[in-house]
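Visitor: I'd like a close look at a single part of this model, namely the salt bridges. Could you walk me through them and show me how they sit in the rest of the chain?

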Amino acid sequence: MLAELAALGEASGRFHGEVARHADRIARADTLESVAGAVQELVGEARDIEAVFGQAQRPTR
């Protein structure tokens, strides 16, 4: 269980860093295409972290 918590903390930390990186990209964007690209990547990463947390919530046997 401790290993799972450590993995969740690591995944959460990575996601936090990615959100900050994409927020910076969006703030500096000069075209809608570059905003859209950053948002698409962010959505993909949000789905990835959602899957990690969903996996952790499943009961173990």
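**The salt bridges and their setting**

Guide: Let's begin with the overall picture. The protein chain has a radius of gyration of 15 Å, whereas a compact globule of 61 residues would come in near 10 Å. Keep in mind that this is a predicted model. Along the principal axes, the C-alpha atoms take up a box of roughly 50 × 15 × 10 Å. The secondary structure amounts to 2 helices and 0 strands. Helix α1 covers residues 2–28, and helix α2 covers residues 32–57.

A few C-alpha distances help you find your way around. Glycine 13 sits in helix α1, and its C-alpha is 27 Å from that of glutamate 33, with the two positions 20 residues apart in sequence. Alanine 36, in helix α2, has its C-alpha 28 Å from that of leucine 8, which is 28 residues away along the chain. Now set those beside isoleucine 49, also a helix α2 residue: its C-alpha and that of alanine 11 are separated by 6.9 Å, although the two are 38 residues apart along the chain. Within helix α2 itself, glutamine 57 shows what a stretch of chain can span: its C-alpha is 35 Å from that of serine 34, at a sequence separation of 23 residues.

Now for the charges. The protein chain carries 7 positive and 10 negative side chains, and the centres of those two sets lie 6 Å apart. Side chains of opposite charge can pair when their charged atoms come close. In this structure there are 5 salt bridges.

Start with glutamate 10, which pairs with arginine 14; their closest N and O atoms are 2.9 Å apart. Both residues belong to helix α1 and are 4 residues apart, about one turn of the helix. Glutamate 10 has a relative accessible area of 52%, so it counts as exposed, the cut-off being over 50%.

Further along helix α1 you meet the same spacing again: aspartate 24 and arginine 28 are also 4 residues apart, about one turn of the helix. Their salt bridge has its closest N and O atoms 3.0 Å apart. Arginine 28 is exposed at 59% relative accessible area, while aspartate 24, at 42%, counts as partly exposed.

The next pair is the one to linger on. Arginine 25 forms a salt bridge with glutamate 41, and the closest N and O atoms are 3.1 Å apart. Arginine 25 lies in helix α1 and glutamate 41 in helix α2, so this pair ties together parts that are 16 residues apart in sequence. Both partners are partly exposed: arginine 25 has a relative accessible area of 25%, and glutamate 41 has 36%. The pair also belongs to a wider arrangement, since salt bridges with shared partners join Glu18, Arg21, Arg25 and Glu41 into one network.

How does that fit with the surface in general? Buried residues account for 8% of the 61 residues in the protein chain. Isoleucine 49 is buried, because its relative accessible area of 12% falls under the 20% cut-off. Other residues we passed on the way give you some contrast. Glycine 13 is partly exposed at 43%, and alanine 36 is partly exposed at 35%. Glutamine 57, by comparison, is exposed, with a relative accessible area of 67%.

The surface isn't just about charge, either. The protein chain exposes about 4,900 Å², and carbon and sulfur atoms supply 59% of that. One nonpolar patch on the surface is formed by Met1, Leu2 and Leu5, which together have about 410 Å² of accessible area. Leucine 2, which lies in helix α1, is exposed at a relative accessible area of 70%.

So, back to your salt bridges. Glutamate 10 with arginine 14 and aspartate 24 with arginine 28 are pairs inside helix α1, while arginine 25 with glutamate 41 runs from helix α1 to helix α2.

Definitions and conventions: Residues are numbered from 1 along each chain as its sequence is written. This is a predicted model: local features need pLDDT of at least 70, side-chain atom pairs count only at pLDDT 80 or more; totals for chains, interfaces and linings use all residues. Side-chain values use heavy atoms; hydrogens and water are left out. Patches are made of residues with over 30% relative accessible area and no salt bridge: like charges are joined within 9 Å, nonpolar side chains (Val, Leu, Ile, Met, Phe, Trp, Tyr) within 5 Å. Accessible areas come from the Shrake-Rupley method with a 1.4 Å probe; for residues, only the protein chains shown count as cover. A salt bridge is a side-chain nitrogen of Lys or Arg within 4 Å of a carboxyl oxygen of Asp or Glu. Buried means under 20% relative accessible area, exposed over 50%, partly exposed in between (1.4 Å probe, protein chains only). The radius of gyration is taken over C-alpha atoms; the globule rule is 2.2 Å times the number of residues to the power 0.38. Lys and Arg count as positive and Asp and Glu as negative; His and the chain ends are not counted. The place of a charge is taken as NZ of Lys, CZ of Arg, CG of Asp or CD of Glu.
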